[in-house]
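Reader: Can you take me through one of the chain-chain contacts in this one?
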4 protein chains.
Amino acid sequence: MGKGRLEAFSDGVIAIIITIMVLELKVPHGATWDTLLPLAPVMLSYVLSFVYVGIYWNNHHHMMHAVSKVNGGVLWANLHLLFWLSLIPFVTGWMGENHFSAIPAAIYGVVLTMSALAYMLLEKVLIRLHGANSALALAVGKERKLWLSLAIYVLGIAVSVLHPWLSVSLYVAVALLWFIPDRRIEIRLSS
Amino acid sequence: MGKGRLEAFSDGVIAIIITIMVLELKVPHGATWDTLLPLAPVMLSYVLSFVYVGIYWNNHHHMMHAVSKVNGGVLWANLHLLFWLSLIPFVTGWMGENHFSAIPAAIYGVVLTMSALAYMLLEKVLIRLHGANSALALAVGKERKLWLSLAIYVLGIAVSVLHPWLSVSLYVAVALLWFIPDRRIEIRLSS
Amino acid sequence: MGKGRLEAFSDGVIAIIITIMVLELKVPHGATWDTLLPLAPVMLSYVLSFVYVGIYWNNHHHMMHAVSKVNGGVLWANLHLLFWLSLIPFVTGWMGENHFSAIPAAIYGVVLTMSALAYMLLEKVLIRLHGANSALALAVGKERKLWLSLAIYVLGIAVSVLHPWLSVSLYVAVALLWFIPDRRIEIRLSS
Amino acid sequence: MGKGRLEAFSDGVIAIIITIMVLELKVPHGATWDTLLPLAPVMLSYVLSFVYVGIYWNNHHHMMHAVSKVNGGVLWANLHLLFWLSLIPFVTGWMGENHFSAIPAAIYGVVLTMSALAYMLLEKVLIRLHGANSALALAVGKERKLWLSLAIYVLGIAVSVLHPWLSVSLYVAVALLWFIPDRRIEIRLSS
């Protein structure tokens, strides 16, 4: 079974997720700065989620590149990942509308945690299919970074009750963790 | 006529169907647990429908893999299937918002029934095109499971007036029926 | 310049158009038959538009199959067609919500007319690029049916003031005109 | 790393952006001309934005055609472009609903400016990867037109406080600038 349709379907779902988030930016009824300003937190949470979904697409792209075959287990592990990612627009809108208050910030962290676990599960299912010595198993070597991200998410959820803004800062930190080194490795590889 | 665009178009429509369902999870206006709790049934029905649409995508993926050509009849049989699947977000939202009450649970079953019939019709049209001895006709051998699913759907619709939760349990049972064995066959095949 | 991305982009836009129409089927707040019944005209107009968008996708699929190259003019003629098709969800919702009353039925006909003209323009631009003796020019031989459709649309718009239901019947007739013979030709060709 | 999935993902996101804009054309509740007329400015801004997103898709299509490889930097530069384009439906709806008044017209210009800058950045990242003497660097020779567009956008933002309609006219002028010559060059090249 080829990986082509799996990639195409995942691209489709991720493209829709990243785009429908913008629908939470509801068009204000007035035309003054006053009507635009309340949208600032919604906008901020949109930017954060856009970067997160972008990171997942990039990592998915990289991982699938080293994949040579898929089976039913992979299809379902992939759908499981897409399910958690599909909740990002909802938690983004909720967190943005409530100005990053405690419970929405915690739930946002839960969805990030579940997405990361789903990604790790997909990785495991793919490695089991390809073998521990496959190109895929070697290419996928970010285990440590995944565990660190998970730890920070859990910390973010824990502190949300007291300092939701600290939670959000932790989520931003994880996003930077994935965003910056990816480019550095890339440049080193391509030089 | 190639099957490439048919697959691409179906992937697109199914990706949109599976993703816009999440738009029924309306962002609540408060930031407390109280505002999140009423969303529980909407969330449950979302999970069920996500799994169903995932099953259809997986089965469609498998069936099209064995297909070597398509014609106008196939295009329309496929669009007919996509039509019934496109009603899933609507019935999902309706059933979720009304906490799995009688009529929405029945209508949900009707849409599942029609989707299953549309899938069987697509199968028939494809087998007629490829011949009864084709690889496709041999690969598609889940007739018994399809008829069993249909019977359970009809039972689900029938009991919805008295016990809508029983209907939903029956729909869940069919989803499990398709979810679990697919993986088992897969593993047996790949070993 | 290859036609691959043009097909992929068109598939994406048409898949979204055919699917977001279902968002006009607003989830009713009650769970009784009474709350479902007012949706009947919206549902009817959804079915009609689903078939129309399906016909455009099928014809687009057939025409692009015979295309070997595209240029800037083709890209814009194609976007022009997609623009008119993108208005179908709006006019579908408007016609359905107003139970097929006069002005919405007329505007629906206008969008169908403009879509047909845009399709003919795309055909012309493609034939100019490929030459009058190309396989494309021979494959595209439905000129008479296109003109007949246009005439019926104009008639439908004209009678909408007096008998909007007659207009809708005329639109249904054109849909059948495209739906039925396509299959017949196909079967004859494949035998 | 291949460019195929980058193109497919970009096509998906741009297809969704160009199509969800139409959701701002809210179905009016009456069926008279009076209920349709207030939608005229929303419609006008939809047409303008449709053409702009179409121009970006066309230019993206042309540029990626000359691209032979992508890296992490390209993926992010591309996502950055898609981010700004994803704000177009929001600013389109806001400008349309407020009949092209001052602040929405200015913000619309800001999003156009940022999109153009993001496009230039993507171009730079791609040329750095392919080399200054690559086919890509030669194919991408519209620098002057990009700078001219940027200057007109800034002018449009500046005059929006006094004459928002003049701003909109300037945006229309830039759209024509990109729309018309592209076809002329194309025709010259293909003759």
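Author: What follows covers the contact between chain D and chain C and how the two copies are related. This is a predicted model, in which local features need pLDDT of at least 70, side-chain atom pairs count only at pLDDT 80 or more, and totals for chains, interfaces and linings use all residues. Residues are numbered from 1 along each chain as written, chains are lettered from A in the order written, and side-chain values use heavy atoms without hydrogens or water.

Reader: How many residues does each chain put into the contact?
Author: Chain D gives 39 residues and chain C gives 31 residues, contact meaning heavy atoms within 4.5 Å.

Reader: And the buried area between chain D and chain C?
Author: About 3200 Å², with 75% of it on carbon and sulfur atoms. Buried area is the accessible area (1.4 Å probe) that the two parts lose on being put together, summed over both. On the chain D side, V27(D), W57(D) and H61(D) lose the most, together 18% of what that side buries.

Reader: How many salt bridges between chain D and chain C?
Author: Two, counting a side-chain nitrogen of Lys or Arg within 4 Å of a carboxyl oxygen of Asp or Glu. D11(D) forms one with R5(C), where the closest N and O atoms are 2.6 Å apart.

Reader: Switching to symmetry: what turn lays chain D on chain C?
Author: A turn of 90° with a shift of 0.0 Å along the axis, at an RMSD of 0.0 Å; the fit is least squares on C-alpha atoms of residues with pLDDT of at least 70 in both copies. That is the relation of a four-fold axis.

Reader: Which residue of chain D comes closest to the rotation axis?
Author: G12(D), with its C-alpha at 4.3 Å. The copies use different surfaces, as 3% of the contact residues of chain D recur in chain C.
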